[in-house]
Amino acid sequence: MKIFFLFTFSTFLLSAFEPAAAFAHYDKILTHSRIRARDQGPNVCALQQVMGTKKKYFSTCRNWYQQAICGKKATVLYECCPGYMKMDGTRGCPAVAPIDHVYGTLGIVGATSTQQYSDISRLREEIEGRGSFTFFAPSNEAWDQLDSEVHRNLVDNVNIELYNALHHHMLNKRMLTKDLKNGMTLVSMYNGQKLLINHYPNGVVTVNCARIIHGNQIATNGVVHVVDRVLSAVEYTIQDFIEAEEDLSSFRDSAITSGVMDILGRPGHYTLFVPTNEAFERLPRGVFERIKGDKVASEALVKFHILNTLQCSEAITGGAVYETLEGNTVEIGCDGESLTVNGVKMVKRKDIVTSNGVIHLIDQVLIPDSAKQVIELGGAQQTTFTDLVAQLGLASSLRPEGQYTLLAPLNGAFSDDTLRLDQRLLKTILQNHIIKVKVGLNELYNGQELETIGGKLLRVFVYRTSVCIENSCMVRGSKEGRNGFIHVFRQIINPAEKTLHEMLRNDKRFSTFLSLVKAADLDDVLSRPGQWTLFVPTNDAFKGLTDDDKDILIRDKNALRNILLYHLTQGVFIGSGFEPGVTNILKTIQGGKLYLKTVNDTLLVNELKSRESDLMATNGVIHVIDKLLYPAELPVGNDQLLTILKKLIKYIQIKFVRDSTFKEIPLTFYSPEIKYTRITAGAADNEEKLKKILEEEVTKVTKFIEGDGHLLEDEEIKRLLQGAGTEYTKVTKIIEGEPQIIEREIKKVHLEG
């Protein structure tokens with residue numbers, strides 16, 4: 001008959017399937033236990049015993065220093081190491097334990113119930129005689145915990161059932177723990193039944209998921225290993241078990257339709273966490289039906305419950321992360337007597353041992369991200385966003401067959417004022433967080449533009465340690481679902497609406513700075529398309545500046561430009577995109593350097609606090625400061641200017657070098673606009689039109705970038721295209737083909753420096 005497991009609570013660290021060469025972990029852990037107990041005398045081992053239980057372990061360093069196993073406090077015991085014994089009047093365990101035949105050794109290791117059953121089943125004569133045996137002997141507690149009906153059937157038929165059951169615990173050769181290699185399958189002395197060996201890196205050795213609790217007790221005719229449960233017979237595969245259990249029909253149907261069931265019938269070393277039908281019934285309405293109807297999602301769901309390693313519960317003492325067949329990971333751990341999956345107690349029944357692995361029944365369905373719709377990927381920190389998306393009707397627009405990217409702000413990003421906004425405005429804000437295509441984190445690049453379902457274009461900025469979209473930067477937590485990605489952001493994303501110049505003009509705080517910008521002929525720079533970071537002093541930075549002082553500044557245009565352009569740097573640098581506490585050095589248009597870093601979420605510019613940062617413009621970003629910036633290494637050679645600057649700048653010592661002058665900064669660092677004409681030729685008279693347009697609108701062009709054919713054969717057109725000047729470096733393109741179209745556009749070209 002079959003001997004069934006009694007399922008006990010787990011204790012040892014879950015570990016990955018090791019190559020067969022890694023086989024001596026038990027002995028290594030035992031050596032560490034001897035070292036820990038060296039102060040107690042020779043041959044003493046230190047063990048940990050879980051308080052309130054009889055469970056004892058040779059512990060890993062992790063459990064030893066945590067003084068706990070499976071989250072439960074463990075006390076330290078000192079006992080003789082296997083094979084040694086105490087002597088009266090001496091410290092430690094200096095004596096070697098007596099060596100006897102296997103039957104006598106059962107008494108030495110305290111497996112007296114197994115010894116008694118060997119006697120009454122007439123196995124005694126065999127294990128006292130000639131031969132070389134390995135006996136995996138159940139402890140007395142293991143027999144006590146055996147199902148009462150199974151136990152009664154054994155002792156009622158000692159000559160057949162009990163005799164066969166004990167033979168199932170034996171090998172016809174001696175094998176020490178160092179010989180018991182991970183993944184090994186051995187043949188017992190009963191009817192060729194299999195014994196599955198697992199030897200974990202934390203020193204746990206299991207036989208059909210029963211843990212060896214006392215190993216390597218040498219006998220004259222073999223070796224005895226005491227195990228913590230009575231071994232069950234292994235006669236079926238994981239597939240056989242699932243097909244036979246009606247309570248697993250929902251999982252079975254998914255495994256069959258997805259084509260995964262065949263895997264569970266093959267030879268291997270699998271662990272299956274299989275949900276019951278009740279677990280599937282508790283899923284939100286429609287979720288399981290949608291997944292079942294999608295073969296890819298259904299396959300992902302089934303594979304997410306399967307590990308390609310055999311993990312017995314007795315090998316678990318704490319959390320460990322393992323990759324599933326689906327490709328993502330789960331964390332398997334323990335909490336006292338309970339196994340946990342991803343930190344949740346959900347295992348109803350443990351260690352159903354099969355010929356190709358082990359099954360644990362669970363009462364929750366594990367749904368991988370790859371089987372979820374993108375809106376289902378939101379975690380506990382993004383519930384405000386996902387709830388609003390559903391409430392405002394946007395979730396229904398995310399079609400299962402579509403491709404989307406959600407840019408989900410953290411819950412804390414939504415202020416009370418934001419949540420009180422008119423629903424139409426709130427819906428627009430949310431639309432700006434949904435991209436029309438599926439874009440993963442590794443597909444984002446600096447300068448990329450992403451179109452939202454609301455029609456807005458969002459810019460991507462990539463820095464050394466962060467990725468930002470407009471004013472908001474990502475935090476960890478990106479996930480990929482069946483129809484899209486979700487990325488998590490610190491703040492609500494605010495798409496830019498105005499240029500830098502328009503933002504300054506519309507904010508009275510910057511009126512003084514803007515008037516100086518205009519006087520320096522720099523307002524055009526801030527109006528044109530580009531990528532700038534502008535540090536803008538408020539009017540408070542100019543307190544004490546008189547009209548006469550301002551006139552003096554304006555008259556010295558070189559000085560004014562040097563001061564103002566020290567506030568401008570090329571490239572968009574988001575404050576929250578900087579690595580915290582690390583100084584970032586930016587070269588300004590003036591040529592000097594700015595030193596930026598973030599401390600406690602505050603941006604510092606040359607150690608001055610930015611009062612407001614990350615104000616996005618269509619051509620850059622503004623960081624607000626309340627002091628005028630000045631390059632410390634730049635000397636002043638004019639007494640009047642020095643006096644003015646000292647009024648405004650008190651946080652550094654300004655250098656004075658008489659008669660020194662400021663360098664001239666030509667306006668060649670930005671791109672003005674020119675007109676160009678795109679032409680598709682098709683008729684002969686187009687050449688005359690082209691000549692006329694080139695004469696009127698495209699002058700001083702130095703390089704013809706694209707286009708070929710007969711247009712360049714005309715010497716007059718060629719002369720007009722090549723031009724005589726060197727002010728511009730390129731015209732965008734001339735296109736040939738049908739039909740006849742002449743179209744004027746505005747484009748930017750770069751000036752030569």
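Visitor: What makes strand 22 and strand 28 count as paired strands?

Guide: In this predicted model, six bridges join strand 22 to strand 28 (residues 484–489), and the two run parallel. Pairing requires at least two bridges, and the six found here satisfy that condition. One position in this pair is T405, which stands opposite F485 in strand 28.

Visitor: How do you know that strand 22 also pairs with strand 23, and is the sense parallel or antiparallel?

Guide: Strand 22 and strand 23 (residues 434–435) are linked over two bridges, in the antiparallel sense. Since at least two bridges are needed, this is a pair as well. Here L406 stands opposite I434 in strand 23.

Visitor: Why is strand 22 called mostly covered?

Guide: A residue counts as buried when its relative accessible area is under 20%. In strand 22 (residues 404–409), six of the six residues are buried, therefore the description applies by that cut-off. Both faces are covered: Y404, L406 and A408 are buried on one side, and T405, L407 and P409 on the other.

Visitor: What makes strand 2 and strand 3 edge strands?

Guide: They belong to an open sheet of four strands, in the order 2-1-4-3 and with antiparallel pairing. Strand 2 (56–57) and strand 3 (68–69) are its edges, as each pairs on one side only. Strand 2 is joined to strand 1 (residues 44–50) over two bridges in the antiparallel sense, and Q48 stands opposite Y57 in strand 2.

Visitor: How does helix 1 run relative to strand 1?

Guide: Helix 1 (residues 25–36) lies across strand 1 and strand 4 (72–80), at about 100 degrees to strand 1. Angles of 65 to 115 degrees count as roughly perpendicular, so that term fits helix 1 and strand 1.

Visitor: Why is helix 4 called oblique to helix 8?

Guide: Helix 4 (residues 112–120) and helix 8 (residues 158–167) pack at an angle of about 135 degrees, with their axes 9 Å apart. An angle over 145 degrees would count as roughly antiparallel, and one of 65 to 115 as roughly perpendicular. The angle falls in neither range, and therefore helix 4 is oblique to helix 8. Their crossing is left-handed. The contact is made by T114, Y117, S118 and I120 of helix 4 together with V158, N159, L162 and L166 of helix 8. These residues divide into five nonpolar, three polar and no charged.

Visitor: How do you know that helix 18 and helix 20 are oblique to each other?

Guide: Helix 18 (residues 511–519) and helix 20 (residues 557–565) pack at about 130 degrees, their axes 10 Å apart. This value is again outside the roughly perpendicular and roughly antiparallel ranges, so the two helices are oblique to each other. Helix 18 passes helix 20 in a left-handed crossing. F513, L516, V517 and A519 of helix 18 meet K557, L560 and L564 of helix 20. The contact residues comprise six nonpolar, no polar and one charged.

Visitor: Why is D601 called exposed?

Guide: Exposed means over 50% relative accessible area. D601 has 82% relative accessibility, so D601 counts as exposed. D601 is in the loop between strand 32 (593–599) and strand 33 (602–605).

Visitor: What is notable about phi in D601 and D659?

Guide: Most residues other than glycine have a negative phi. Phi of D601, however, is positive, near 65 degrees, and phi of D659 is positive too, near 70 degrees. D659 is in the loop between helix 21 (639–648) and strand 36 (673–680). With a relative accessible area of 65%, D659 is likewise exposed.

How values were computed. Residues are numbered from 1 along each chain as its sequence is written. This is a predicted model: local features need pLDDT of at least 70, side-chain atom pairs count only at pLDDT 80 or more; totals for chains, interfaces and linings use all residues. Side-chain values use heavy atoms; hydrogens and water are left out. Buried means under 20% relative accessible area, exposed over 50%, partly exposed in between (1.4 Å probe, protein chains only). Axes are lines fitted to C-alpha atoms, for helices over the stretch in contact, and angles run from 0 to 180 degrees between N-to-C directions. Angles under 35 degrees count as roughly parallel, over 145 as roughly antiparallel, 65 to 115 as roughly perpendicular and the rest as oblique. A crossing is left-handed if the near helix is turned anticlockwise from the far one by less than a right angle, and right-handed if clockwise. Contact means heavy atoms within 4.5 Å. Ala, Val, Leu, Ile, Met, Phe, Trp, Tyr, Cys and Pro count as nonpolar, Asp, Glu, Lys and Arg as charged, and the others, Gly among them, as polar.
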